[in-house]
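Ready for a few exercises? Have a look at the structure shown here, then try each task before you read its solution.

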Amino acid sequence: MPGFDAADHRHMARALELAARGLYSADPNPRVGCVIVLAGEVVGEGWHARAGEPHAEVHALHAAGERARGATLYVTLEPCSHFGRTPPCADAVIAAGVARVVYASGDPHPAVNGGGSARLASAGIAVESGCLASAAEQLNPGFLSRFRRGRPWIRVKLAASLDGRTALANGRSQWLTGSAARADVQRLRARSSAILTGAASVRYDDPQLTVRDESLELRGRVPLRVVLDPGLTVPPAARLFGTPGPVLLLTASADTALRSALEAAGAEVERLAGEHGTYDLAAVLAVLTRREVNELLVEAGPRLAGAFVAAGLVDEFVLYVAPHLLGHTAAPLAMLPMLDDLGDRWEFRYADVRQVGEDLRLTLVPRSP
């Protein structure tokens with residue numbers, strides 16, 4: 001691996017700052033930032049704002065103009081080498097006369113995956129990779145997961161009381177946490193490609209699952225809302241259908257009358273193979289992967305949350321803990337199979353713990369991926 005000096009790290013850190021500006025808007029593309037430096041001076045910067053618009057390198061090259069010739073270009077992801085929604089960035093870099101390219105993370109997209117680096121090198125450009133790679137990958141967990149593992153990055157969000165209860169025995173759960181925690185959830189929704197819940201949560205809570213914080217710049221992008229509804233029990237009058245943005249119902253039901261009513265309400269209904277009343281999570285994730293879902297936010301009840309845990313599909317747990325008790329009759333955090341041995345338990349480690357308003361936000365990741 002090349003040795004990077006303090007200047008390399010400083011300029012790549014700036015590129016990562018720029019990339020983060022696309023946190024809510026770049027999806028389904030990766031968040032990418034770019035900095036161009038000539039003789040120690042920053043001459044161009046750019047970031048990718050929205051799919052279909054110019055990539056970070058193109059913005060930075062445009063800002064640099066003729067000063068890109070002989071410069072070093074720092075970019076958080078390997079420059080693309082194929083025609084997608086826009087032309088190849090590698091060609092633009094070559095045409096601009098850049099002398100050196102430093103990128104943080106490789107692009108696992110099969111149309112790139114080393115191709116961008118190879119094209120630059122064949123043009124005589126010095127290419128180095130791996131500068132602040134870990135930070136760059138943390139910025140795009142879903143994009144990388146979709147191409148490396150064939151499924152989205154799955155983030156499960158739950159709100160619970162101190163005794164680990166998520167709803168009253170009658171199903172009511174609004175509102176367990178305070179306004180600051182609910183505002184924080186808006187940011188989780190905004191960065192997600194899709195928000196997934198179960199039919200029971202829709203029936204009991206009638207959520208909208210929308211991003212209502214107008215300060216979060218989605219630039220017209222609206223996360224897909226997905227409901228797992230094996231029996232098509234979601235009412236057509238649900239608030240989901242009265243708000244802007246797509247709603248996808250995944251079902252095992254063949255009832256054409258129920259399907260027609262939900263489609264008339266504004267839903268897209270897709271039938272998956274499987275038994276009535278069951279969740280085939282592998283089939284669900286295959287559908288979402290085909291739809292370019294990078295980060296999937298699961299906001300669901302204990303049954304569905306438990307199904308993701310039991311299947312080993314949770315990449316990140318975000319748990320908001322409110323300082324009150326609901327009692328033993330209230331709904332649990334997750335419904336999981338009974339264990340006979342503590343060695344079989346599902347183990348997580350704390351990645352972050354902080355107070356949000358009057359509540360705690362615990363971010364956990366699996367101890368054994």
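**Exercise 1. A helix end and its surroundings**

Is arginine 191 buried or exposed? Keep in mind that you are working with a predicted model, then place the residue and list what surrounds it.

Solution. Step one is to locate the residue: arginine 191 belongs to helix H7, which covers residues 179–191. Step two is the accessibility. The relative accessible area of arginine 191 is 16%, and the cut-off for buried is under 20%, so arginine 191 is buried. Step three is the surroundings. Setting aside neighbours within four places in sequence, the contacts of arginine 191 include Leu23, Tyr24, Arg31, Gln138 and Leu139. Pro141, Arg155, Arg221 and Glu295 are also among the contacts of arginine 191.

**Exercise 2. The sheet beside the helix**

Work out the strand order of the open sheet, find its edges, and relate helix H7 to it.

Solution. Begin with the order: nine strands run S11-S10-S9-S8-S12-S6-S13-S16-S15, with mixed pairing. Next come the edges, which are strand S11 (268–271) and S15, each paired on one side only. Neighbouring strands in this sheet are turned against each other by 20 degrees on average, direction ignored.

Now zoom in on one pairing. Strand S8 (residues 194–198) and strand S12 (residues 295–298) are joined in the parallel sense by three bridges. Leucine 196 stands opposite valine 298 in S12. Finally, bring back the helix: H7 lies across strand S6 (153–160), S8, S12, S13, S15 and strand S16 (359–366). Relative to S13, H7 runs at about 160 degrees.

**Exercise 3. Aromatic pairs**

How many aromatic pairs are there? Describe the geometry and setting of each.

Solution. The count is two aromatic pairs. Take phenylalanine 143 and phenylalanine 147 to begin with: their ring centres are 5.1 Å apart and their planes meet at 65 degrees. Planes over 60 degrees apart count as edge-to-face, so that is the class of this pair. Phenylalanine 143 and phenylalanine 147 are about one helical turn apart, because they sit four residues from each other in helix H6 (residues 141–148). Phenylalanine 143 is buried at 6% relative accessibility, whereas phenylalanine 147, at 25%, is partly exposed.

Then turn to phenylalanine 317 and phenylalanine 348. Their ring centres are 5.2 Å apart with planes at 70 degrees, so this pair is edge-to-face too. Phenylalanine 317 lies in strand S13 (residues 316–321) and phenylalanine 348 in strand S15 (residues 348–356), so the pair ties together parts 31 residues apart in sequence. Phenylalanine 317 is buried at 9% relative accessibility, while phenylalanine 348 is partly exposed at 22%.

**Exercise 4. Leucine 364 and the strands around it**

Which residues does leucine 364 touch, not counting residues up to four places away in sequence?

Solution. Start with the element: leucine 364 is part of strand S16. Its relative accessible area is 12%, so leucine 364 is buried. The residues that leucine 364 touches are Asp315, Glu316, Phe317, Phe348, Arg349, Tyr350 and Ala351. Both members of the second aromatic pair, phenylalanine 317 and phenylalanine 348, are thus met again in this list. As a distance check, leucine 364 and aspartate 352 are 12 residues apart in sequence and 7.0 Å apart in space, C-alpha to C-alpha.

**Exercise 5. Enclosed space**

How many cavities of 30 Å³ or more does the structure hold, and which residues line the second largest cavity?

Solution. There are two cavities of 30 Å³ or more. The second largest cavity has a volume of about 50 Å³. Its lining is made up of Asp27, Asn29, Pro30, Arg31, Asn140, Pro141, Gly142, Phe143, Asn294 and Glu295. H6 provides the largest share of this lining, with three residues. To link back to the opening exercise, Arg31, Pro141 and Glu295 are among the contacts of arginine 191 and also belong to this lining.

**Exercise 6. Two residues to contrast**

Leucine 61 and alanine 310: which is buried and which is partly exposed?

Solution. Leucine 61, in helix H2 (residues 56–64), has a relative accessible area of 11% and is buried. Its contacts beyond four places in sequence are Ile36, Ala68, Leu73, Ala92, Val93, Ala96 and Val98. Alanine 310, in helix H11 (residues 302–310), is partly exposed at 39%. With neighbours within four places left aside, alanine 310 is in contact with Leu336, Pro337 and Trp346.

Definitions and conventions
Residues numbered from 1 in each chain as written. Predicted model: local features only at pLDDT ≥ 70, side-chain atom pairs only at ≥ 80, totals over all residues. Heavy atoms only, no water. Helix = DSSP H or I, 4+ residues; strand = E, 2+ residues; numbered from the N terminus. Buried < 20%, exposed > 50% of the residue type's maximum accessible area, 1.4 Å probe, protein only. Contact = heavy atoms within 4.5 Å. Phe/Tyr/Trp six-rings, centres within 6.5 Å; stacked < 30°, edge-to-face > 60°. Pairing = 2+ DSSP bridges. Axes fitted to C-alpha atoms, helices over the stretch in contact; angles between N-to-C directions. 1 Å grid on protein atoms, 1.4 Å probe; cavity = no way out; pocket = protein on both sides within 12 Å on 5 of 7 lines; lining within 4 Å. Points joined across faces, edges and corners; volume = space filled by probe spheres on them.
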